[in-house]
Amino acid sequence: MIIKNSTLKILLISLTLNLILNGCVSKKKYDELADELKRCKEGAAIQKRDYESRLEDFENEISKLRSESVRLRSDTARQSGELRRLRGETKKLKAEKDDLENRLDALMQKGKTEIGQILGELKERETQLKIAEADLEEKQKLLAKTMAEIAAKESRIQELEQILEEQKNVLRQLLSRIEEALKGYTGKGLRVHEKDGKVYVSLEEQLLFESGKTEVKPEGKKALSDLAKVLEKEKDISLLIEGHTDNVPLSGLGPIKDNWDLSVLRATSVTRIILQNPNISPIRITSAGRGEFLPVASNTTAEGRAQNRRTEIIISPKIQDIIQILKK
């Protein structure tokens, strides 16, 4: 997500670059601004990778919780078996005790020696019975604790799965609304699709820009304005706006040095058009340039290069709810 100060810096740098073209600022100042622009781009890229890494960590945590739940269920089954065994032994000891008591009654007349022997055996059985009952009570406490842990783990898994499913439903509904709002641009270089839990709106150069230019064409502005009307209603999503180019080197474009520059400036131009909608907060948007390094088609054909010259608006759900659950 773009930091407000970074956005202002990029705007100021772009304005100053225009002043340079009109001869109002020194080359030294231009170089300083160019370096600052580069740092802004690198910061946005680092932040994007950090968010992707955090999302992957969240998915790994869900997998770990499921594995832990399976292990606890296995422990519960084992402890339940042990509990049944102890109950069987307890029943057997009680039966032996009853038998000894009966034998004692029958042998009362056979002398003190035999009676003493039976009393000793009876005492030993009573001691074993107390030990078994204490062990049984401990196992029952451990079983109760294990079942409580299983319930807690499963509750966290259910919360995470519910949030993920809700976010998927939101994205599916959003995808439908975007397709409906932009259906008039079908076949004009605009494509909408869902991938990896995100909605991608891909706009080719022919819809947005003249060749080598960074100013959005009127028809492109209209498409972005229609898209912004849909996005303004979705407060819990973030936007990553990525500029892409083909691999043909640039030449004769003044301050635009290469495809990196062109992709970044196009991304920020699209960002400015979307932010003309007052209901969309700048803190929801990250702008980035990917240059020629993430093609979707081969650069060996004119058709492939045209597909690669695109701007992608990547719409993702916020992940604060997942973070709060993982902190529990």
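From the N terminus on, the elements of this protein chain run α-α-α-β-β-α-α-β-α-β-α-β-α. That comes to eight helices and five strands. The model is predicted. The chain has 328 residues, and buried residues make up 40% of them. Take the contacts between residues at least 6 apart in sequence: 72% of these join residues at least 24 apart.

**Strand 5 and its partners**

- Strand 5 covers residues 310-317.
- This strand is mostly covered, with eight of its eight residues buried.
- Its residues point two ways: Arg-310, Glu-312, Ile-314 and Ser-316 go one way, while Thr-311, Ile-313, Ile-315 and Pro-317 go the other.
- Both sets are buried.
- Strand 2 (residues 198-204) pairs with strand 5 in the antiparallel sense, over six bridges.
- In that pairing, Ser-202 has Glu-312 as its bridge partner.
- Strand 3 (residues 237-243) also runs antiparallel to strand 5, and seven bridges join them.
- Here Gly-243 stands opposite Thr-311.

**The hairpin of strands 1 and 2**

- Strand 1 and strand 2 run antiparallel and are joined by six bridges.
- Within this pair, Glu-194 of strand 1 faces a strand 2 residue: Glu-194 stands opposite Val-199.
- The two strands form a hairpin, with two residues between them.
- Asp-196 sits in the loop between strand 1 and strand 2.
- Phi of Asp-196 is positive, near 55°, and this residue is not a glycine.
- Most residues other than glycine have a negative phi.
- Is Asp-196 buried or exposed? Asp-196 counts as exposed because its relative accessibility is 67%, and the cut-off for exposed is over 50%.

**Val-192, a residue of strand 1**

- Val-192 lies in strand 1, which spans residues 190-195.
- Val-192 has a relative accessible area of 16%, so it is buried; buried means under 20%.
- Which residues does Val-192 contact, leaving aside neighbours within four places in sequence? They are Leu-175, Ile-178, Glu-179, Leu-182, Val-199, Tyr-200 and Val-201.
- Leu-175 is 17 residues away from Val-192 along the chain, yet their C-alpha atoms are separated by 7.5 Å.

**The largest nonpolar core**

- The largest nonpolar core has 32 residues.
- Which members touch the most other members? They are Ile-178, Val-201, Leu-231, Ile-313 and Ile-315.
- Several elements give two or more residues to this core, among them helix 3 (112-181), strand 1, strand 2, strand 3 and strand 5.
- Helix 4 (205-208), helix 5 (218-231) and helix 6 (259-274) also give two or more residues each.
- Helix 5 supplies the largest share, six residues.
- Nonpolar side chains tend to be buried together in soluble globular proteins.
- Ile-315 touches many residues beyond four places away in sequence, including Leu-171, Leu-174, Ile-178, Val-201 and Leu-231.
- Ile-315 also touches Lys-198, Val-199, Ile-237, Ser-238 and Leu-239.

**The aromatic pair**

- The structure holds one aromatic pair.
- The rings of Trp-260 and Phe-293 have their centres 5.1 Å apart.
- Their planes meet at 35°, so the pair is tilted; planes under 30 degrees apart would count as stacked, and over 60 as edge-to-face.
- Trp-260 lies in helix 6, and Phe-293 in the loop between strand 4 (285-289) and helix 7 (302-308), so the pair ties together parts that are 33 residues apart in sequence.
- Trp-260 is partly exposed, at 36% relative accessibility.
- Phe-293 is exposed, with a relative accessible area of 52%.

**The second largest pocket**

- About 410 Å³ of space lies in the second largest pocket.
- How many residues line this pocket? There are 21 in the lining.
- Lying nearest the pocket centre are Lys-38, Lys-41, Trp-260, Asp-261 and Val-264.
- Trp-260 thus appears both in this pocket lining and in the aromatic pair.
- Helix 2 (27-107), helix 6 and strand 4 each supply at least two residues of the lining.
- Helix 2 gives the most, with nine residues.

Conventions: Residues are numbered from 1 along each chain as its sequence is written. This is a predicted model: local features need pLDDT of at least 70, side-chain atom pairs count only at pLDDT 80 or more; totals for chains, interfaces and linings use all residues. Side-chain values use heavy atoms; hydrogens and water are left out. Buried means under 20% relative accessible area, exposed over 50%, partly exposed in between (1.4 Å probe, protein chains only). Helices (H or I, at least four residues) and strands (E, at least two) are DSSP runs, numbered from the N terminus. Two strands pair if DSSP finds at least two bridges between them. Contact means heavy atoms within 4.5 Å. A nonpolar core is a set of buried Ala, Val, Leu, Ile, Met, Phe, Trp, Tyr and Cys residues joined through side-chain atoms within 4.5 Å. Rings of Phe, Tyr and Trp (its six-membered ring) pair if their centres lie within 6.5 Å; planes under 30 degrees apart count as stacked, over 60 as edge-to-face and the rest as tilted. On a 1 Å grid over the protein atoms alone, a cavity is a set of points where a 1.4 Å probe fits but cannot get out, and a pocket is an open set with protein on both sides within 12 Å along at least five of seven lines; lining residues have an atom within 4 Å of a point. Grid points are joined across faces, edges and corners, and a volume is the space filled by probe spheres set on the points.
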